[in-house]
There are 2 protein chains.
Amino acid sequence: MVHNHEHDACCETHTKVVEKVARELPDEEILYDVAELFKVFGDSTRVRIICALFESEMCVCGIAEVLGMTQSAISHQLRVLKQARLVKYRREGKTVFYSLADAHIKTIFNQAFEHVME
Amino acid sequence: MVHNHEHDACCETHTKVVEKVARELPDEEILYDVAELFKVFGDSTRVRIICALFESEMCVCGIAEVLGMTQSAISHQLRVLKQARLVKYRREGKTVFYSLADAHIKTIFNQAFEHVME
DNA sequence: TTAACATATGAGCCATTGTTCATATGTATT
DNA sequence: AATACATATGAACAATGGCTCATATGTTAA
């Protein structure tokens with residue numbers, strides 16, 4: 001038989017906790033946005049781009065050279081970072097320089113580094 | 001013609017920056033692990049599970065009830081969180097209680113919330 | 001040991017996504 | 001205007017990933 005947990009013993013017992021947690025959980029929409037933000041961070045190419053930009057603003061082909069990837073691949077990923085408002089850019093002649101747009105990024109990444117190095 | 005950026009004007013001009021950034025970029029392996037960590041955070045179901053566990057330890061079917069999802073779906077995601085060493089669990093009879101295993105998670109999530117709410 | 005409950009897991013399906021390739025857009029120089 | 005360089009973008013393909021369904025494992029009580 002397929003499980004139906006609406007009225008099983010375990011959840012009956014813990015109804016108080018379930019209701020409390022359900023009440024205090026942040027809005028669906030915010031949780032979705034947080035997941036979307038982490039999704040952007042959840043790719044090693046984008047992580048490497050962000051870490052490169054921690055050091056200095058860079059042009060697209062500069063980033064491509066540092067990471068050993070094609071200009072097209074980098075440009076596509078910069079688009080993702082741009083849409084998430086994580087990078088900003090300025091044009092200088094033919095060249096476009098990208099840099100980080102948000103101060104929270106550094107804090108988030110520092111904590112992440114601490115976690116993976118423990 | 002296919003672009004070849006090994007010796008173009010832009011990267012010639014910015015060689016200094018490229019070399020500096022390439023030198024200071026963290027190890028490949030660490031950057032990969034950081035991306036893997038964010039990948040785990042980059043799903044709204046897992047974000048909701050983590051936020052639920054911020055409030056209280058919970059059993060699997062309790063989490064399933066709070067999120068309105070099947071026990072199987074939650075169990076699969078808890079496995080991912082377990083493998084990333086983000087949650088721990090204790091058994092009490094038939095029930096398994098999950099809770100958060102790492103203090104960095106709270107800090108990372110607080111910063112993420114601040115970013116999406118600005 | 002049999003039945004019932006709580007959780008875990010493997011296979012399969014559908015959707016998402018990162019890269020490549022080709023090409024378009026934008027800018028400066030001649 | 002024509003060429004060259006820097007960047008952006010669309011289509012297509014392969015790979016990844018989350019959920020469902022069925023079933024297995026683990027635990028307790030009768």
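**Exercise 1. Sort the residues on the surface near DNA strand D by class, then find which elements supply that surface.**

*Solution.* Start with the classes: the surface near DNA strand D has 9 nonpolar, 12 polar and 9 charged residues. Here Ala, Val, Leu, Ile, Met, Phe, Trp, Tyr, Cys and Pro count as nonpolar, Asp, Glu, Lys and Arg as charged, and the others, Gly among them, as polar. A word on the ground rules: this is a predicted model, in which local features need pLDDT of at least 70 and side-chain atom pairs count only at pLDDT 80 or more, while totals for chains, interfaces and linings use all residues. Residues are numbered from 1 along each chain as its sequence is written, chains are lettered from A and ligands numbered from 1 in the order in which they are written, and side-chain values use heavy atoms, leaving out hydrogens and water.

Next, look for the nearest residues. Of the 30 residues around DNA strand D (near means a heavy atom within 4 Å), Tyr98(A), Cys10(B), Thr45(B), Arg46(B) and Gln77(B) come nearest. Sugar and phosphate make up 64% of the atoms of DNA strand D that come within 4 Å of the protein.

Now check individual atoms. The side chain of Tyr98(A) places an N or O atom 2.5 Å from a phosphate oxygen of DNA strand D, and a polar side-chain atom of Thr70(B) lies 3.2 Å from a phosphate oxygen of this strand. With Ser72(A), the partner is a base oxygen of DNA strand D, 2.7 Å from a side-chain N or O atom.

Finally, assign the elements. Two or more residues each come from helix H5 (60-67), helix H6 (71-83) and strand S3 (95-100) of chain A, and from helix H1 (9-13), helix H4 (44-55) and helix H6 (71-83) of chain B. Helices (H or I, at least four residues) and strands (E, at least two) are DSSP runs, numbered from the N terminus. H6(A) gives the most, with 6 residues.

**Exercise 2. Which residues come nearest to DNA strand C, and which of its atoms lie by Ser72(A), Val60(B) and Cys61(B)?**

*Solution.* Among 31 residues around DNA strand C, the nearest are Cys10(A), Thr45(A), Ser72(A), Gln77(A) and Tyr98(B). For Ser72(A), a side-chain N or O atom is 2.7 Å from a base nitrogen of DNA strand C. Turn then to backbone atoms: an N or O atom of the Val60(B) backbone lies 3.2 Å from a phosphate oxygen of DNA strand C, and a polar backbone atom of Cys61(B) is 3.0 Å from a phosphate oxygen. H6(B) gives the most to this surface, with 6 residues.

**Exercise 3. What relates chain A to chain B, and how many residues does each chain bring to the contact?**

*Solution.* Begin with the superposition (least squares on C-alpha atoms of residues with pLDDT of at least 70 in both copies). A turn of 180° and a shift of 0.0 Å along the axis lay chain A on chain B with an RMSD of 0.0 Å. That is the relation of a two-fold axis.

Then count the contact (heavy atoms within 4.5 Å): 60 residues come from chain A and 60 residues from chain B. Because 100% of the interface residues of chain A are also interface residues in chain B, the copies meet through the same surface.

Last, list the salt bridges (a side-chain nitrogen of Lys or Arg within 4 Å of a carboxyl oxygen of Asp or Glu). There are 4 salt bridges between chain A and chain B; Arg85(A) and Glu118(B) meet in a salt bridge at 3.7 Å, N to O.

Definitions and conventions:
Polar contact = N/O pair within 3.5 Å; in protein donor to acceptor, adjacent residues only side chain to side chain.
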